[in-house]
Amino acid sequence: MNENWLFIKTPDHYGKTEIIQFDDNVIDYFNVEKSEISLKIVNENRNEKLSETEYKFINQNRIRFFRNGKIHKVFSDEKTITEDCIFEDDYEKLNATETELTENEIQNLKFEFNWNGEKMNVSFNQVLDSPVMQEINKRLNKEGSRIVLGKLNETLFLLLYTDNYLDKLIPIKYVDRQKIILYGFPKEPYEINCPIIG
């Protein structure tokens with residue numbers, strides 16, 4: 001299990017993008033950062049023992065860790081409640097993207113994204129915000145949201161940037177001129193087929 005496993009962010013997770021690697025009984029943690037070529041991983045100098053962690057395999061490419069934590073609810077300056085809970089963190093194994101296309105050819109593709117009712121047409125390197133939001137961002141000196149193609153080792157990704165912040169990585173399993181297959185979503189379906197359009 002010495003591959004890279006990508007932390008699957010849920011919509012309420014705002015932390016850095018993370019990758020883990022398994023080294024015998026040790027889980028090593030890495031941050032994903034931009035580099036001049038594409039992406040790189042940087043060691044967090046943090047690890048834990050797999051044998052001391054509660055986990056289960058959801059499928060051969062997804063592992064879920066169960067971690068004890070606390071939820072703090074603030075109702076007012078005087079009233080707060082703290083509850084014990086179990087956090088479920090999923091990690092998806094990264095595999096080499098299957099394609100015969102070059103990265104430049106892939107960046108010129110447009111495709112239809114449809115996951116659990118979230119529908120949009122995706123073009124690489126285009127600003128995703130509405131014209132009104134683009135005008136506000138311009139006044140605030142912000143870049144807005146966009147999707148670019150990225151690569152870590154042999155895996156290609158859709159990289160979602162919000163301003164200059166790398167928010168999400170969606171791995172690409174397969175791409176040709178008819179479809180692109182994306183995986184690593186926070187809930188089922190974990191993998192979707194997106195038809196190429198235009």
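Buried means under 20% relative accessible area, exposed means over 50%, and partly exposed lies in between (1.4 Å probe, protein chains only). The model is predicted: local features need pLDDT of at least 70, side-chain atom pairs count only at pLDDT 80 or more, and totals for chains, interfaces and linings use all residues. Residues are numbered from 1 along each chain as its sequence is written, and side-chain values use heavy atoms, with hydrogens and water left out.

**Exercise 1. The overall picture**

Task: State how many helices and strands the protein chain has, and what share of its residues is buried.

Solution:
- Start with the elements. Helices (H or I, at least four residues) and strands (E, at least two) are DSSP runs, numbered from the N terminus.
- The protein chain has 2 helices and 15 strands.
- Turn to burial. Of the 198 residues in the protein chain, 39% are buried.
- Add the extent. Along the principal axes, the C-alpha atoms fill a box of roughly 50 × 45 × 35 Å.

**Exercise 2. Strand β9 and its partners**

Task: Find the two faces of β9, then name the strands that pair with β9.

Solution:
- Recall the general pattern. In a regular strand the side chains alternate between the two faces of the sheet.
- Apply it to β9, residues 110-115. Phe-111, Phe-113 and Trp-115 form the covered face. Lys-110, Glu-112 and Asn-114 form the uncovered one.
- Look for partners. Two strands pair if DSSP finds at least two bridges between them.
- One partner is β10 (residues 118-123), which runs antiparallel to β9 and is joined to β9 by 6 bridges.
- Another is β15 (residues 191-197), antiparallel to β9 with 2 bridges.
- Follow Phe-111. This residue stands opposite Val-122 in β10 and opposite Ile-196 in β15.
- Check the turn. The hairpin of β9 and β10 has 2 residues between the strands, and Asn-116 takes a positive phi near 50°.

**Exercise 3. The hairpin of β11 and β12**

Task: Describe how β11 is covered and how β11 pairs with β12.

Solution:
- Count the buried residues. In β11 they are 6 of 8, so the strand is mostly covered.
- Count the bridges. β11 and β12 (residues 155-162) run antiparallel, with 8 bridges.
- Pick a pair. Ser-145 stands opposite Thr-162 in β12.
- Look between the strands. Here the hairpin has 2 residues, and Asn-153 takes a positive phi near 55°.

**Exercise 4. Salt bridges between β6 and β7**

Task: Locate the partners of Arg-64 and Arg-67 and say whether these residues are buried or exposed.

Solution:
- Fix the term. A salt bridge is a side-chain nitrogen of Lys or Arg within 4 Å of a carboxyl oxygen of Asp or Glu.
- The whole structure has 15 salt bridges.
- Arg-64 and Asp-90 form a salt bridge, 2.6 Å from N to O. Arg-64 lies in β6 (residues 62-74) and Asp-90 in β7 (residues 80-93), so the pair ties together parts 26 residues apart in sequence.
- Check burial. Arg-64 is buried at 15% relative accessible area, and Asp-90 is buried at 6%.
- Now take Arg-67. Its side chain meets that of Asp-89 in a salt bridge, 3.1 Å from N to O. Asp-89 in β7 and Arg-67 in β6 are 22 residues apart, and the pair links distant parts of the chain. Asp-89 and Arg-67 are both buried.
- Widen the view. Arg-62, Arg-64, Glu-88, Asp-90 and Glu-92 are linked in a network of salt bridges.

**Exercise 5. A salt bridge in helix α2**

Task: Find the salt-bridge partner of Glu-135 and give the accessibility of each residue.

Solution:
- The partner is Arg-139, with the closest N and O atoms 3.6 Å apart.
- Both residues lie in α2, 4 residues apart, about one turn of the helix.
- Glu-135 is partly exposed at 37% relative accessible area. Arg-139 is exposed at 68%.

**Exercise 6. A buried lysine**

Task: Explain what Lys-9 contacts, given that Lys-9 is buried yet has no salt bridge.

Solution:
- Place the residue. Lys-9 sits in the loop between β1 (4-7) and β2 (18-23).
- Look for opposite charge (Lys and Arg count as positive, Asp and Glu as negative; His and the chain ends are not counted). The nearest such side chain is Asp-167, 4.0 Å away.
- Look at the backbone. The side chain of Lys-9 reaches the backbone oxygen of Asp-167 at 2.7 Å.

Terms used:
Polar contact = N/O pair within 3.5 Å; in protein donor to acceptor, adjacent residues only side chain to side chain.
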